[in-house]
Structure formats: C-alpha cells, structure tokens
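Here is a quick walk through one model, starting from a single side chain and working outwards. Keep the viewer open as you read.

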Amino acid sequence: MENSLTKMIDENSDRLSNLPDTLLIHILSLLDAKKVVQTCLLSKRWRNLWASVPSLHFNYEYLSNESERFSNFLTSFLHLRDKAINLHTFKLCYYGSRTCASSMHCSALSNTEAFSIDEMWILYAFKHEVKNLVLKLWENCFKVAPNCLFTCDSLEYMQFNCFSEVKADIVCLPKLRKLSLRNVSMNGDSIHKILSGCPVLETLSIQFVTLRTNSISFQTVKSLRMENCFFYSLSEPTISISCPCLNYLKFVQCTGAITFTDMSRVTDAIITWGKNCKKGYNFDLLEDILGVEYLELIIVYAKEFLDRQLKNGTTFYGLKCLLLDLCWNNCNFSILSSFLRRCPKLEKFCLLHTTYSCEVCCCEEKTLGNKWQVCCCGEETLENTWLQIEGFSCQELNIVKVVSCQVDQRQCAHQLEKLVLQRKKEI
C-alpha cells in the first residue's frame, strides 16, 4: 500500500513533464527562442525538446545588446535543431543597438558578411518549408530587400518590416495568401511582379509604403489595408487602383491622387482623412464603394467632405451601419442632415467627436443645440423609432450613439440618447 502511494506521488510530482511531446512542443512554440533553449536545463525529459520546435521566435531585445552575440546564437540554434522538422513560423526581430553608439556594431551591419548571414537565415526557413515568415529588421540591415525573399513554394503569410527598397526580380509565391509590407518603397515594376507572382493573395496590408507607379491591379485581393502611404504617379495625373474582388478596405491618411475602380464588391470600409491630407484629396473614393454596408469615416475637413458628397449626389443604397468621427466645430449639421438622407436603409448611426477629429478646428464654435430631435412613428416597438435632423428621417434606424470628447459638448451629445430612452419608456 505504501509502495503504491509512493509510486503515485512520484508519478505526479512533475505533471508538466508527463504531458505528451506534441503538447509540450506546442507550448514551446509560443515562447521566444532563448527561453525555449533554457528549458533543456529543466530535466532529461526536456533536454532535446527545443530542437523539435516548429515555430521559432528570435527577438533581439531578449538577448544581449551585442549584435554579434545575437547572430551567433541564431546561427547556432538553426545549426543544432532537428533538420527533419519543418518550420511552421519563423519570426525575426532584429533591431540592433537602439543607441547605435557602437562603431563595431555599425560596421558589422554594413559589411557584406553580415548581409549574407541574414540571407542564410531566410534561406534556412524556406528550405524547411516555412508557412509564416515575419521579419522586423533594423533600418540598416538591408538597403534593398534580398531577392530570395520572394521565392518560396510553401509560404502562406509574410510580414516584412524594414526601412529598405523592394526590387523584386523574380517572384514565385504560389501559396501566399496574406502579405504585409511596412516601411518600404517600391516602383511600379516591383509591385506588379509581386502581385502577379502571388496568384492566391487575398489579404494585403501596406503601411508607410512609398509607391511610384501609374496603376495597380489587385486582381485577387479581398482585404486591403493602406495606411500612411505615399503614392507618386510617374506620368498620369492620378494613380489608378483596380480591386475587382475587394470586400474590405481600410484607407488611412494616404497621400497622393488616387482613382479606385472595380470596387462594387466592397461591403466594409474604414476611411480616414486627417490633417496630413490635403482638403479634397481622394474624397471621390466614396463614389466607388456605393454598395458598402458598414462604413467608418474619420474626417478632419468635415465641411469640405460633406459639401463634396452632396455635390456629387452620392447615395448609399445598401449602407446599414455608419460611424462618423468628425469635428463638430467644423461641421454644418444641415449639410450632415442632407448627407444622411442619402442613406435610406441606415439601421445604426454613431456620431463621434474625438480628439483626433478635432486636430484641425479653425471654424466658429457650434453645438448640437436643438437640431437633434427624436420622434416616434406611432408603432409599438423601439425599432420604429427614427431620427429626424432638420428633415432627415429613416424608418430602418433603431440604434443611435452620440459621443463627444469635449466636456462642454457632452450634454448636447447625450441629448439624443436620453430622448430615445424616454420614448422607450413611453411605448
């Protein structure tokens, strides 16, 4: 009896180690590479598990402040791991010295040998059929992105964040479905080669990217995110962007004259025109997504935007949910009323007055005052409550939210919601 009890205690003393290898390896796949290696000191059971981990995360900040030591660690790790195990994820965050005070460090990053070592890491990942590749590199790592980056038969997701130029000569990424590019510059030839070399690309994110081209065709992309990008047309007055399969669009603070075409399938869109965008820049974008059902608009130049839409006669026949974040001090609510009349099927409407939308306020102060009025059409349900703003009415509207970041405006902002709640009690 005592022997049985002793044996049971011994067996349960380390329950974590008693888990199957597959589960332990999955847990290790969530850790940084340095911590993964350190687990080999726990016991004999853990001694060789690190070598079979399929997801590798190398973060320079977790290691020494010496770039040479980081390079040696990464190279040794790849050399000693089980070569028979293919990679699921390879993530490399290599920022170098934040102070950049070491001359030895700077020279190490600039010589040819350092560049070849970096490419060897990428080639190792490709050789082991990696599916997800994330590269967040110091601005001096690459002046030009290596060509090997765009040739991999197994890659399904790639994130490349490096202050460099992308010159893609040969692109062959037959399984790539998601691509994220940040802090890079490209010309028209490179972007066309990338898009043509990714036949199943569905999700594309470009942030702080400089593009020099006359036209772009995203033939297979269904989700497009463009933030703080700079577009330069080589010869045409505007850059033409075609997205025949696009369903989701996020367009934030992009500079340059752009014309969108083939956008009839877009159902969800988030669009921001901030203080860095010239007045009227790309306001015509809304005319290309008239079938949108969910729309978020963050606008600094509210008056110019609303005037433009009314002049163009834009009508959103399918719009069900609208979020407007604009500066009330720079907005004519009569014009806003006219704009809302062009959303006949609107069900949810949220009007925001945030700090971001008030970055540029040069007009006379205005408040909501008594321009908001909630009425009831006489039916017995709250769903039939509708909003009237100087003549605007919408029978489908049943959810209204008004929010202000400014203390003196909050009372007016809550006026509408209180009236809705009051009407609900009366029904």
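## Salt bridges and their surroundings

Let's start with E227: its relative accessibility is 10%, so it counts as buried. Keep in mind that this is a predicted model. The partner of E227 is R225, and the closest N and O atoms of that salt bridge are 2.2 Å apart. R225 has a relative accessibility of 31%, so R225 counts as partly exposed. The pairing doesn't stop at two residues, either: R225, E227 and K250 are linked in a network of salt bridges.

Between those two sits M226, placed in strand β9. How buried or exposed is M226? M226 is buried, with a relative accessible area of 0%. Setting aside residues up to four places away in sequence, M226 touches I206, F231, I241, K250, F251, V252, C254 and F260. K250, one of those contacts, is also part of the salt-bridge network with R225 and E227. For V252, the C-alpha to C-alpha distance from M226 is 6.2 Å, although 26 residues separate the pair in sequence.

Now for the salt bridges in general. Side chains of opposite charge can pair when their charged atoms come close. How many salt bridges does a search of the whole structure find? It turns up six. Three of them are listed here.

| Salt bridge | Closest N to O distance |
|---|---|
| E165 and R212 | 3.5 Å |
| D189 and K193 | 3.4 Å |
| R225 and E227 | 2.2 Å |

The E165 and R212 pair has its closest N and O atoms 3.5 Å apart. E165 lies in strand β4 (residues 157-166) and R212 in strand β7, so this bridge ties together parts that are 47 residues apart in sequence. Both ends are partly exposed: E165 has a relative accessibility of 22%, and R212 has a relative accessible area of 27%.

D189 and K193 make a more local story. Both lie in helix α7 (residues 188-196), four residues apart, which is about one turn of the helix. D189 counts as partly exposed at 45% relative accessibility, and K193 is partly exposed too, with a relative accessible area of 28%.

## An arginine without a salt bridge

Which side chain of opposite charge is nearest to R81, and how far away is it? That would be D82, at 7.1 Å. R81 is buried yet has no salt bridge; a bridge needs the side-chain nitrogen within 4 Å of a carboxyl oxygen. What R81 does have is a backbone oxygen to look at: that of I85 lies 3.1 Å from a polar atom of the R81 side chain. R81 is found in the loop between α4 (67-80) and β2 (89-94). Leaving aside neighbours within four places in sequence, R81 is in contact with W50, A51, V53, P54, L56, N86, L87, Y124 and H128.

## The nonpolar core

L56 turns up again among the contacts of F90, which also touches F58, L78, W121, A125, V130, N132, L133 and V134, not counting residues up to four places away in sequence. In soluble globular proteins, nonpolar side chains tend to be buried together. Here the largest nonpolar core has 100 residues, and F90 and L295 are the ones with the most contacts inside it. Helix α6 (residues 112-127) gives the most to this core, with five residues.

## Two positive phi angles

Two loop residues are worth a look in your backbone plot. F208 is not a glycine, yet its phi is near 55°. F208 is placed in the loop between β6 (203-207) and β7 (210-212), and at 36% relative accessibility it counts as partly exposed. N228, also not a glycine, has a positive phi of about 50°. N228 lies in the loop between β9 (223-227) and β10 (230-232), and its relative accessibility is 22%, so N228 counts as partly exposed.

## The whole chain

Zooming out, the chain comes to ten helices and 20 strands. Of its 427 residues, 45% count as buried. Among contacts with a separation of 6 or more, 60% are between residues 24 or more positions apart. The accessible surface comes to about 21,300 Å², and carbon and sulfur atoms account for 52% of it.

Terms used: Residues are numbered from 1 along each chain as its sequence is written. This is a predicted model: local features need pLDDT of at least 70, side-chain atom pairs count only at pLDDT 80 or more; totals for chains, interfaces and linings use all residues. Side-chain values use heavy atoms; hydrogens and water are left out. Buried means under 20% relative accessible area, exposed over 50%, partly exposed in between (1.4 Å probe, protein chains only). Lys and Arg count as positive and Asp and Glu as negative; His and the chain ends are not counted. A polar contact is a pair of N or O atoms within 3.5 Å; within protein, one must be able to donate a hydrogen and the other to accept it, and residues adjacent in sequence count only if both atoms are side-chain atoms. Contact means heavy atoms within 4.5 Å. A nonpolar core is a set of buried Ala, Val, Leu, Ile, Met, Phe, Trp, Tyr and Cys residues joined through side-chain atoms within 4.5 Å. Accessible areas come from the Shrake-Rupley method with a 1.4 Å probe; for residues, only the protein chains shown count as cover.
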